[in-house]
Amino acid sequence: MSAALDPLDARWITAPGDDPQNPLLRAVLHLPSPPLSARWRYTGLGTVRAWVNGSPASASRLDPGLTDPRARVQVLEVDIAPLLRAGENVLGLDLGRGFHALTTENVWRWEQAPWRGPVRAWAHLRVDLADGSSRILATGPEWRTAPGPVTHDSMYAGETFDPREDPAAWRLPGYDDTAWDPVLVEPDRPASRRRAVGDEPILQLQAQEPIVVREEIAPRTVSVGPERIVLDLGRVIAGWCRFELAAHVDALAEPVAFRARHGEKLRADGTVDDDSEHIRGDRFQRDDVRLRPGIAESFEPQHSYKGFRYVQLEAVAGDLADVRVAGLLAHADLAPASTLTCSEPLVARFDAAMRASLANNMHHVPTDTPMHEKNGWTGDALTALAAMTTSFDMHRMLRKWLDDQVDAQRADGSLSVISPNPGWGYEELSPAPEWTTLMPVLLDELACEYGDLEAVRTHEPAARRYLDHELSRRDGDGLISGVLGDYLTPGSPGPAPDDKRLSATLMVGSALRRLAHALELADLAGGAELRASAQELEEAVNRVFLDAERGLYRDPAGTGHGYRQTSNLLPLALGTVPAEHVAAVQENLVRAIEGAGDHHDCGHLGVRFLLPVLSAAGQGALAWRVLANPTAPGWRAWLEAGNSTFMEMWEDPRSCSHYFMGTPATWLHENVAGLRRGPDGWGNFLVAPDPDVPVGRITMTRRTRAGEISLAVDREARTLRLTVPDGTRARVLLPGTDRQLGPGEHALDW
């Protein structure tokens with residue numbers, strides 16, 4: 001990550017009062033000569049939007065990325081020379097609560113975060129001028145402040161916009177700020193907000209991709225009433241709406257006031273479903289807006305975002321017909337890592353739905369639903385990691401998120417199931433190794449996908465401490481407990497119904513092996529010891545759960561749980577099944593799926609491994625039938641119902657933009673197209689399209705650190721076209737063919 005900045009370059013400032021709401025911070029800079037360069041570094045505790053002479057300093061939104069501010073605070077750096085001029089210049093900082101000073105009560109207790117305090121800002125500007133001189137402007141006592149037009153803002157509840165004057169005027173030169181208050185200047189970080197060891201937080205340039213507006217969407221009208229309008233964007237997005245008065249509204253007309261409710265679904269009566277069981281209070285995803293003709297004719301939120309497809313406007317004053325609405329899709333500005341096209345529409349739609357579900361959850365860290373939670377659940381990402389890195393360049397975001405996990409590690413090595421976190425998730429829904437093993441796995445993923453060995457060398461001690469913590473929890477059977485397991489199986493509203501020691505133990509064993517591999521790539525010792533511990537765990541699973549006579553994994557006698565596909569998928573996928581029992585375990589799995597009408601009974605863990613395990617067993621045709629099954633539980637019904645993102649649950653889903661049930665996208669990439677990264681990275685990769693999958697033509701490009709791979713498979717014509725980048729080699733497995741190919745363009749038949 002980037003080097004630390006000097007916190008003494010500027011002072012932290014805030015507005016008067018115990019808990020200021022949307023303070024605006026303003027300073028004037030006079031330049032005697034035109035600027036040649038101007039580096040502005042700024043940040044906030046809360047969210048911050050920066051302005052220079054009325055223009056945004058950056059296109060990024062909802063900065064800075066959430067961290068534990070007792071450990072590190074991210075700083076934006078922008079070149080604002082094009083926005084400055086000789087003479088008077090105005091710099092402005094517009095602050096919101098974010099997760100730092102949230103007031104909305106919620107089940108994760110963000111409103112009680114141990115760092116909670118007034119929103120504040122830190123900024124430092126250096127300008128080099130054409131006359132050879134330079135100027136410095138840093139946050140300090142010369143800045144002035146006043147309350148902004150947003151009288152309420154909450155990441156969960158939305159914003160209230162009630163302007164008393166032109167909300168843009170304060171950003172411009174010539175504005176009279178004599179009635180504004182002097183800012184409060186903090187001489188030092190309050191001791192009560194420091195870490196126990198007394199360290200100051202690190203100020204660090206923000207590394208991950210910024211959140212930007214990616215698309216503007218014109219909604220269609222669903223229903224119109226005298227006091228209510230319901231609009232449909234056509235798909236679930238993460239972002240917000242821009243509300244503005246129509247051009248025909250007279251500047252002397254009365255204000256138009258309304259409530260805008262946002263939700264992913266409609267209720268049976270046609271109204272927007274904006275309920276949440278985890279958020280307390282009288283509002284959720286609701287903007288209360290007052291537009292004033294001639295003064296404040298438009299509004300879009302600056303300090304919150306929503307997950308929604310539908311918008312419901314409810315009149316408070318004035319005529320809703322005078323309001324124009326646009327939906328703004330906003331998420332991290334991630335570069336695509338691959339493309340996929342296919343002659344089978346279901347494949348293309350599935351892949352597109354996974355990419356959209358992922359994108360809607362990329363806001364400084366991978367989250368689990370843009371509507372209901374906005375939390376960085378580690379288990380969701382653990383199963384979706386391959387889909388993430390195939391869909392987008394995730395290096396910077398995952399590296400930032402790894403720091404968050406290490407910052408939040410407790411002295412005993414334990415981790416929370418969400419990261420960052422406000423002190424929640426260590427006991428609540430924990431222990432859950434199917435979530436928290438993300439940390440060691442992430443080290444191996446960063447090393448293999450991006451060659452990031454520095455991350456391994458820096459954070460392997462934290463990963464070892466975590467795995468030692470898990471190993472210390474082994475019971476008399478040598479197994480590790482968990483409370484979540486194969487989460488959200490069909491018919492289950494939460495944790496899996498079976499003995500969750502199987503999945504918890506195997507995920508710890510897998511993490512031990514992944515960390516051992518990462519250590520070897522980084523030329524670090526300790527891999528053999530980690531693998532020995534993994535083998536002990538796997539042997540314990542086989543002792544307790546493997547019924548060798550029947551050739552299947554089942555709960556210990558007396559628990560009452562029947563055959564579960566995931567309990568057999570995990571040992572097969574992770575190589576735990578003794579060689580002499582693999583065929584029988586595969587046969588029983590196939591029999592169970594076919595006996596259920598080509599249906600699965602999997603939660604989030606099982607769906608990740610289901611189809612690859614079937615392909616590995618020579619059952620590619622069955623894997624396709626499961627994916628394409630038109631009846632529940634399955635994915636096809638979701639897509640054919642008009643959804644362009646994935647649901648969270650198999651029955652009565654809460655969230656409609658949740659990626660962890662979309663992980664069969666990895667099977668499309670690695671088995672249908674057949675492109676797989678080698679065990680140590682992309683220097684040697686595998687091309688092995690499953691010949692039994694009844695999909696005709698599929699093409700895929702993949703950007704890697706070694707170059708771009710291009711692949712086209714036509715099962716009908718029995719041809720394969722492949723571009724191998726310079727410096728790499730590909731092993732190609734086709735029926736009757738096992739070839740090693742070097743760099744260049746290749747054409748093969750089978």
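Guide: Two strands pair if DSSP finds at least two bridges between them. The model here is a predicted one.

Visitor: Which residue is the bridge partner of Trp51 in S6?
Guide: Start with the two strands. Strand S5 (residues 47–52) pairs with S6 in the antiparallel sense. Two bridges join S5 and S6, which meets the minimum because a pair needs at least two. Within S6, Trp51 has as its bridge partner Pro56.

Visitor: In what order do the six strands of the open sheet with antiparallel pairing stand?
Guide: The pairing in this open sheet is antiparallel. Its edges are held by strand S6 (55–56) and strand S14 (181–182). Each edge strand has a single partner, so one side of each is left without a neighbour in the sheet. The order of the six is S6-S5-S8-S3-S11-S14.

Visitor: Which strands are the edge strands of the open sheet of four?
Guide: This open sheet has mixed pairing and runs S32-S33-S37-S38. An edge strand here pairs on one side only. That describes strand S32 (675–678) and strand S38 (737–741).

Visitor: By how many degrees are neighbouring strands of this sheet turned against each other on average?
Guide: The sheet in question is the four-stranded one with mixed pairing. Direction is ignored for this angle. The average turn between neighbouring strands is 20 degrees.

Visitor: Which residue in S37 does Leu686 stand opposite?
Guide: Strand S33 covers residues 681–687, and strand S37 covers residues 729–734. The two pair in the parallel sense, over four bridges. Opposite Leu686, in S37, stands Arg731.

Visitor: Is His124 buried or exposed?
Guide: His124 lies in strand S9 (residues 120–129). Beyond its neighbours within four places in sequence, His124 has contacts that include Asp9, Trp40 and Leu137. The relative accessible area of His124 is 11%. Buried means under 20%, so His124 is buried.

Visitor: What distance separates the C-alpha atoms of His124 and Ala712?
Guide: Along the chain, His124 and Ala712 are 588 residues apart. In space, their C-alpha atoms are separated by 51 Å.

Visitor: What is the relative accessibility of Glu209?
Guide: Glu209 sits in the loop between strand S16 (202–205) and strand S17 (211–217). Neighbours within four places in sequence aside, Glu209 touches residues including Asp333, His364 and Arg396. Glu209 counts as buried because the cut-off is under 20%. Its value is 6%.

Visitor: How many cavities of 30 Å³ or more are there, by this rule?
Guide: Rolling a probe the size of a water molecule over the atoms shows where empty space is left. The largest cavity holds about 360 Å³. Cavities of 30 Å³ or more come to three.

Visitor: Which strand gives the largest share of the lining of the largest cavity?
Guide: The lining has 30 residues, with Pro64, Gly65, Leu66, Thr67 and Phe99 nearest the centre. By class, 14 are nonpolar, 14 polar and two charged. Strand S4 (35–45) and strand S7 (72–79) each supply at least two lining residues. The largest share, three residues, is from S7.

Visitor: How many residues in the lining of the second largest pocket are charged?
Guide: The volume of this pocket is about 560 Å³. Of its 31 lining residues, Glu277, His278, Glu648, Met649 and Arg654 are the closest to its centre. The lining has 15 nonpolar and five polar residues. The charged residues number eleven.

Conventions:
Residues are numbered from 1 along each chain as its sequence is written. This is a predicted model: local features need pLDDT of at least 70, side-chain atom pairs count only at pLDDT 80 or more; totals for chains, interfaces and linings use all residues. Side-chain values use heavy atoms; hydrogens and water are left out. Axes are lines fitted to C-alpha atoms, for helices over the stretch in contact, and angles run from 0 to 180 degrees between N-to-C directions. On a 1 Å grid over the protein atoms alone, a cavity is a set of points where a 1.4 Å probe fits but cannot get out, and a pocket is an open set with protein on both sides within 12 Å along at least five of seven lines; lining residues have an atom within 4 Å of a point. Grid points are joined across faces, edges and corners, and a volume is the space filled by probe spheres set on the points. Ala, Val, Leu, Ile, Met, Phe, Trp, Tyr, Cys and Pro count as nonpolar, Asp, Glu, Lys and Arg as charged, and the others, Gly among them, as polar. Buried means under 20% relative accessible area, exposed over 50%, partly exposed in between (1.4 Å probe, protein chains only). Contact means heavy atoms within 4.5 Å.
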